[in-house]
Amino acid sequence: MVKEYVKSACPHDCPSACCLEVERLSSTRIGRIRGAAANSYTDGVVCAKVARYAERAHHPDRLKQPLQRTGEKGRGEFRPISWEAALDEIAEAFQRATRTHGAESVWPYHSGGTMGVVQRWGLDRLRHAFGYSRQKTTICVTPAESGWRAGVGKLTGPDPREMADSDLIVVWGGNPVSTQVNAMTHIAKARKQRGAKLAVVDVYRTPTVEAADIALVLRPGTDGALALAMMHVLLKEGLADRAYLARYTDFGPDIEAYLADKTPDWASAVTGLPAEEITDFARLYGRTGRSFLRVGFGFTRSRNGSTAMHAVTCLPAMTGAWRHRGGGAFFLNLDNWRLDTRLAHGLDLIDPKTRVLDQSRIGPVLCGEPDALAGGPPVKAMLMQNANSANVAPDSAAVARGLGREDLFVCVHEQFMTATAKYADILVPAAMFLEYDDIYYGLGHTHLTVGPCVLERYEDCRTNHELVCALAQRLGAPHESFRMSAVDATLRASGKGTWAEAAARGWVDCAEDFQASHFLDGFPSRDGRFHFKPDWKAVGPYHAGLKALPDHLENYERSSADLPFRLVVPPARAFLNTTFTETPGSVSREGEPRALIHEDDAARLGLGEGAMVRLGNARGEVKLAARAARTARPGVVIVEGNWPSDAYPERVGINTLIGADPVPPNGGAAFHDTAVWMRAA
């Protein structure tokens, strides 16, 4: 057997977007996968689940051929059909919906299962070409993005490799040990070479918290209060950079007056952290010029998540940390790629009058709630790619009711028989990233990563791009993008060379210079300043009640006599949403769905080792195993990993309990903001 290592790129919905070296054993089989050593961000490191990708690529349960539903929706009963017959069924369903209810009754739907510039977002070409309902992609990043944009202006920032030059790295609301191992590589360099300190702010003792020099475990939804108290200390003790504030921000006496009573004692009562701990942390941050704030998604998945993100991003503006190499803050790169995607995404075909449906509200949309439908017709036909909404979306019971409508046609393009696939009228097999060419956004670093085809196509699978093009041609779309490969054309149009050049290198580095990435010529906002006073109305439609200042909102689901516990549902180390929940290595590592509860709560409820519990609220209830541990504060329940519903004893998944109401000001899902009751099962 001939072995060789070939270049590729991880396609999954993770900021690392690793450059890979894939052990190719033959034209149809791979061995191990390792991180590309030549890429200075990936730096030879890759997570364990991707290293074992052969388990997934060669899994015996991969879908092999198109299928047509024969039984009740949701039961997963199908018969084989040909690709030609499947395409005919999909095209006819879209045409029928358009004739009877208008083009907006068709909703192409995609999520972040894979992040390819062409293969993921190429579905937008189909919607734009035919006037189908547009999609507001909110389920993951929007609350955090909204808070970042409110202060900084755009989703850019210092090169994350600069963490190696920092003296203090603050990971706020992230767990890179489990979910972004490459970031820990650069943090480890700073700790080893500079004696840098790692501080972590989170709501439970994650593996990253366990690895930290300083750990602040606070109550869910209170991150904004901690940031305000830190700013209070920075101002009171002369640790704020007044010259920087005057030159680069809109800070003024009104903000200082507002922060005057946001004392550590005030924040202690809100967060549960001792006031001395808050004060000491603020002093350390204020006295360290090279302080790098690496913000994550976790603390923003709350109804006050956008305002919390804004408050946290005020900290490096308060101290002027942006001035230093290894200083400032970083969240994601989305605005620095300068990719021309007009062809790949059909942007020239958009009709701005076409309604936009919120991805996170798929349950209310499919259940016909008028506000979710944005004044338009009911959704009558869907094509779903890169999405397992029956498990992943909030209020998953509503999603199941919607997908189960007999008057709704659903085509699902998938790799495995997921919970969502079981609701399909037509289910077609999807190729994996190793079987096609694409480029990927490296959201957590500065590289576009490049994934050339490594393997021959598995069985009768087709790529997202092939399905979109075949449907478009059946439906009569003349646009040139449906008859060509958009990868090379996108790179050329963007001035980033050719596909052949990018594939040979493995990535395209889009890093900006120090001056630009640290905003030393001004922030990417309308006036060139960081905004302590955000214009929330300009950020999104749900801005009512948001103030033009750094704030801590108490609009999250509060515990009560009826719902005394706060539920947080963070990622598991071996899964990525519901991806890898089918691979033996990942399932073996995670074991089973379980609720991590504080030992005091377990004792009060009489829960011993191996106990089963029920968690519930008005949206439903879920049964699962419980484990007592001092991992979060009393009253907080942690359920890691988005396990498939079938993994739970009663086949009801945890996102049944999560609300689908939009997070202010621009939407998104509040996955970590749920009040529940808990009792022994």
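**Exercise 1. Place strand β20 among its partners in this predicted model: which strands pair with it, and in which sense?**

Start with β24 (residues 636-639): this strand and β20 pair in the parallel sense, over three bridges. To fix the register, look at valine 568, which stands opposite isoleucine 638 in β24.

Now take the other partner. β25 (residues 674-680) pairs with β20 in the antiparallel sense, again over three bridges. Here the register can be read from phenylalanine 565, whose bridge partner in β25 is valine 676.

Last, check the side chains of β20 (residues 565-568). Phe565 and Leu567 point one way, Arg566 and Val568 point the other way, and all of them are buried. That includes the arginine, Arg566.

**Exercise 2. Work out how enclosed strand β15 is, and which strands pair with it.**

Count the buried residues, using the cut-off of under 20% relative accessible area. Six of the six residues of β15 (residues 409-414) pass, so the strand is largely enclosed by the rest of the structure.

Split them by direction next. Phe409, Cys411 and His413 go one way, while Val410, Val412 and Glu414 go the other.

Then find the partners. β14 (residues 381-385) pairs with β15 in the parallel sense over five bridges, and methionine 382 stands opposite valine 410 in β15. β16 (residues 426-429) also runs parallel to β15, joined to it by four bridges. In that pairing cysteine 411 stands opposite isoleucine 426.

**Exercise 3. Lay out the five-stranded open sheet: what is the strand order, and which strands stand at the edges?**

Write down the order: β10-β9-β8-β11-β12, with parallel pairing. The ends of that order give the edges: β10 (214-217) and β12 (328-330) each have a single partner strand, so one side of each is left without a neighbour in the sheet. From one strand to the next, the twist averages 15 degrees.

Zoom in on β8 and β9. These two pair in the parallel sense over five bridges, and isoleucine 169 stands opposite leucine 198 in β9.

Finally, add the helix. α9 (residues 223-236) packs on the sheet and touches β8, β9 and β10. Its direction makes about 150 degrees with that of β8.

**Exercise 4. Check the geometry of helix α7 and find what its buried residues pack against.**

Do the length first. α7 (residues 181-194) has 14 residues and reaches 20 Å from first C-alpha to last, close to the 20 Å expected at 1.5 Å a residue.

Now the burial. Val181, Asn182, Ala183, Met184, Thr185, His186, Ile187 and Ala190 are the buried residues of α7. They pack against β8 (168-172), α6 (176-179), β9 (197-202) and α8 (207-211).

For the way out of the helix, check the backbone: α7 is followed by glycine 195, whose phi is positive, near 70 degrees.

**Exercise 5. Describe the surroundings of threonine 208: buried or exposed, and in contact with which residues?**

Locate the residue: threonine 208 is found in helix α8. At 0% relative accessibility, it counts as buried. Leaving aside neighbours within four places in sequence, threonine 208 is in contact with Gly174, Asn175, Pro176, Val177, Met184 and Val200. Met184 is one of the buried residues of α7 from the previous exercise.

**Exercise 6. Sort out the three-stranded open sheet.**

The order is β17-β18-β19, with antiparallel pairing. β17 (438-441) and β19 (507-509) are the edge strands, each pairing on one side only. Here the twist averages 20 degrees from one strand to the next.

For the register, take β17 and β18 (residues 447-451), which run antiparallel and are joined by four bridges. The bridge partner of aspartate 438 is glycine 451 in β18.

**Exercise 7. Zoom out: how compact is the chain as a whole?**

First take stock of the elements: the chain has 25 helices and 25 strands. The radius of gyration is 24 Å, close to the 26 Å from the globule rule for 681 residues, so the chain is as compact as a globular protein of that length. Along its principal axes the C-alpha trace spans about 70 × 60 × 55 Å.

Next, burial and contacts. Buried residues make up 64% of the 681. Among contacts with a separation of 6 or more, residues 24 or more positions apart account for 75%.

Close with the surface. The chain exposes about 23,500 Å², and carbon and sulfur atoms supply 48% of it.

Definitions and conventions: Residues numbered from 1 in each chain as written. Predicted model: local features only at pLDDT ≥ 70, side-chain atom pairs only at ≥ 80, totals over all residues. Heavy atoms only, no water. Expected span 1.5 Å × (residues − 1). Buried < 20%, exposed > 50% of the residue type's maximum accessible area, 1.4 Å probe, protein only. Contact = heavy atoms within 4.5 Å. Pairing = 2+ DSSP bridges. Axes fitted to C-alpha atoms, helices over the stretch in contact; angles between N-to-C directions. Rg over C-alpha atoms; globule rule 2.2 N^0.38 Å. Areas by Shrake-Rupley, 256 points an atom, 1.4 Å probe, with all protein chains shown as cover.
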